[in-house]
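Student: Could you take me through one helix of this model up close, and then show me how its surroundings fit in? I'd like to follow it piece by piece.

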Amino acid sequence: MHNLCKSLYRLRLHTCHRKPAFQHVLAANQSTTAEPEKIIIPRRIERGPTDILMALSGTVGFDPTAPHFKYHDDPYLIPTSNANKRTFALAQEAGRKAANWIRQENAKLFQHQEADPPIQAFAPTMVYSEESQVEETDLQSLIDRVEVKDAILVYGLLTKNGIAISDELKQRLLELLCFYNHEDTLPEQLIEERWFRQGTVGRERQRKTWKDFELAEQLFHAIETKRPEHYCALIRGMARFFQVEKAWALYQETIEKGIELDTNTYNSLLLIASFLRESYDKRWDLVCEVMSSMKQQGLRPNLGTLNGVLQTITTIGGYNHPRTYALKTLAEFKQLGIEPSLASWYYLLVIFCRERGPVSHVLHDIMNEIEGKHFTVQDPKDTFFFVTAMDVCRNHLNDKELAKRVNQLLHLGENYNLIGDSYKESIYYRHYFTLLATTEPLESFLETYHLLVPNVYIPEPSVMEDILRSVEMSSAIEHVPLLWSHMVQFDHTGRENLVNLLLHIMTSNPPTSGEPRHADLGQSFANIAWEAWKRQEDRAAGPRATGTTGISGQMLGDVLLLCCRANDYEKAVAVFTKLSKEQNTIVGDPRVDGLREFVGQCITNGAPSVAIQCLQYCSENGFPEAVELGRQIFNGFTLDQNQISKIRSLVGAEAVNPVVQENQEKKE
């Protein structure tokens, strides 16, 4: 690794300092002139540690059909379900965390240098205890590395030992504690844990999590001469973790004492305005009050101010007032030269496109404004725009063309970085796929499906149901085997509604013998039905079995019908045996079509006793078609007197044709 870094560094210097090749040509052409060529050596360009890798990646481009680089590029090891993807990625990260723990617990065994110059991240971290001898520089280092718990411990040791701490360092510690609420944050290197678990944080109910009477408040009250930055840090921390009463009380204290706050502190107060006032009109009055206070102090609003106002407007009920307030706010901030971010447009979608409100086409106007632009994260809520916009395209407008425009913007440049996390990405594609599956021709939708599945997106069961219904409406049964294989990969075979729908499609659309696309589909359908039944059986017999058979009578009837259509008599007998022996525990009855086909298979294979068992099953379960099946059995076999008597006892004498019976007796 060290040699590779040195080689890349030499390559970078050589690339930055060498003379461009075209200058040699110019020099040769100008050699005849009297004036010599003036060589200008360009200044060295500062490069980041991954610039070369980014340049190489840019030459390749993005391939949606390839698995993510964090997974092994091996068909047998690539995870093909959402649960497996999450498990795979977090397992890798758990291995790295375990290695870090071993290195930390056995620091004395890892004294060798991993790199030259040394890399701080490779070295074990310092362990502090109540007996540690610390200095002010230790606290400063911990604040720089954002180690909150250790910073609290070291501050206590410094105070206990009577070591003086500068006011500047106390201010930095106060800001650290207020921002992280006395808790260590998730390390930045744990990328996968952030990707898969960050979405759960955003879905939590907003509630007070501020730790009252902890070190942050103690530091603040211990300061004799409080400056504006002290108030700003504590107010913003309390507002961030929804200690709204204390934050507002501190704000009122600053007004009484004439202490000026900064713009970001006022922005934090705007974000909690909905918690400070209950009625909608009072919330807007509070926003106007805070904005007026900013104006009196000569503060210029910024993007955070705009988003704070818009977020409060989203909590105001009704239809007309929120829209009026939002448009006024956008117009005033536009005059100030403040450009909205994606978070601003997200708030606008929430305000205009409400579930029970009138239909709004504001997303068209937003896309006309931002289409073709490149974005970076300027607000934490920027990552909510794309998933909300796709939700509006599907549920509010049902507009597939607008959805394609949103999707094109997402994949423009580095805009995909604003998709957020795994949860938002999954919701985004769920809306996109459902909209396309229900509005586009099936073949056009399948192009998008094959491009993104399974490496970019794995459809949830609800999306797979929409896809199957689209196949059913289009009678495109040639796609059923592929979709079943994907259901197996995505762990959807345990979804009874999906399996029933798939069986219904196969039984309702028998393959056409003269259609080339339907060649061998009958046998494929029988194999799919058999595998679906076996998987249900294995699941019912597994460790999580609930005591039921795990399959309904209707499902068994469909499996029986498909096996009979494929002339697979042995499998059909196995299915009927299951249906007959466990009829008291199986919920529901099979369709008579499958039983009729099964009787036909018994006639073809010369099995009258099995056919009579099927007739007995129909008679015991009250099928009105039992008489018809009895007549079919009587006419299809050469029966002895015992078998004829059995049929008579099951369905009556009307099932036995007297003429045919007399002919049979003469033959005997």
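Tutor: Let's look at helix α30, which covers residues 608–620 of this predicted model. It has 13 residues, and from its first C-alpha to its last it reaches 18 Å. That is close to the 18 Å you'd expect at 1.5 Å a residue.

Now check which residues of α30 are tucked away. The buried ones are Pro608, Val610, Ala611, Ile612, Cys614, Leu615, Tyr617 and Cys618. What do they pack against? Their partners are four helices: α28 (569–581), α29 (592–604), α31 (626–636) and α32 (641–651). Just after α30 you'll come to glycine 622, which takes a positive phi of about 75 degrees.

Keep an eye on Tyr617, since aromatic rings come next. The structure holds 22 aromatic pairs. One of them joins phenylalanine 179 and tyrosine 180, an edge-to-face pair at 4.9 Å centre to centre with 80 degrees between the planes. Phenylalanine 179 has a relative accessible area of 42%, so it counts as partly exposed, because that value lies between the 20% and 50% cut-offs. Tyrosine 180 is partly exposed too, at 25% relative accessibility.

Back at our helix, tyrosine 617 pairs with phenylalanine 576. Their ring centres are 6.1 Å apart and their planes sit at 80 degrees, so this pair is edge-to-face. It links distant parts of the chain: phenylalanine 576 is in helix α28 and tyrosine 617 in helix α30, 41 residues apart. Both phenylalanine 576 and tyrosine 617 are buried. So here's a way to picture the packing: α28 is one of the helices that the buried residues of α30 pack against, and this ring pair ties α28 to α30.

If you want to see rings joined up beyond a single pair, go to Tyr428, Tyr429, Tyr432, Phe433, Phe445, Tyr449 and Tyr457, which ring pairs link into a cluster.

One last stop, for a buried residue that sits in a loop. Proline 79 lies between α3 (51–60) and α4 (82–105). Its relative accessible area is 8%, so it counts as buried, because that is under the 20% cut-off. Leaving out residues up to four places away in sequence, proline 79 touches Tyr71, Asn84, Lys85 and Phe88. Its C-alpha is also 9.2 Å from that of phenylalanine 490, although these two residues are 411 residues apart along the chain.

Notes: Residues numbered from 1 in each chain as written. Predicted model: local features only at pLDDT ≥ 70, side-chain atom pairs only at ≥ 80, totals over all residues. Heavy atoms only, no water. Helix = DSSP H or I, 4+ residues; strand = E, 2+ residues; numbered from the N terminus. Buried < 20%, exposed > 50% of the residue type's maximum accessible area, 1.4 Å probe, protein only. Contact = heavy atoms within 4.5 Å. Expected span 1.5 Å × (residues − 1). Phe/Tyr/Trp six-rings, centres within 6.5 Å; stacked < 30°, edge-to-face > 60°.
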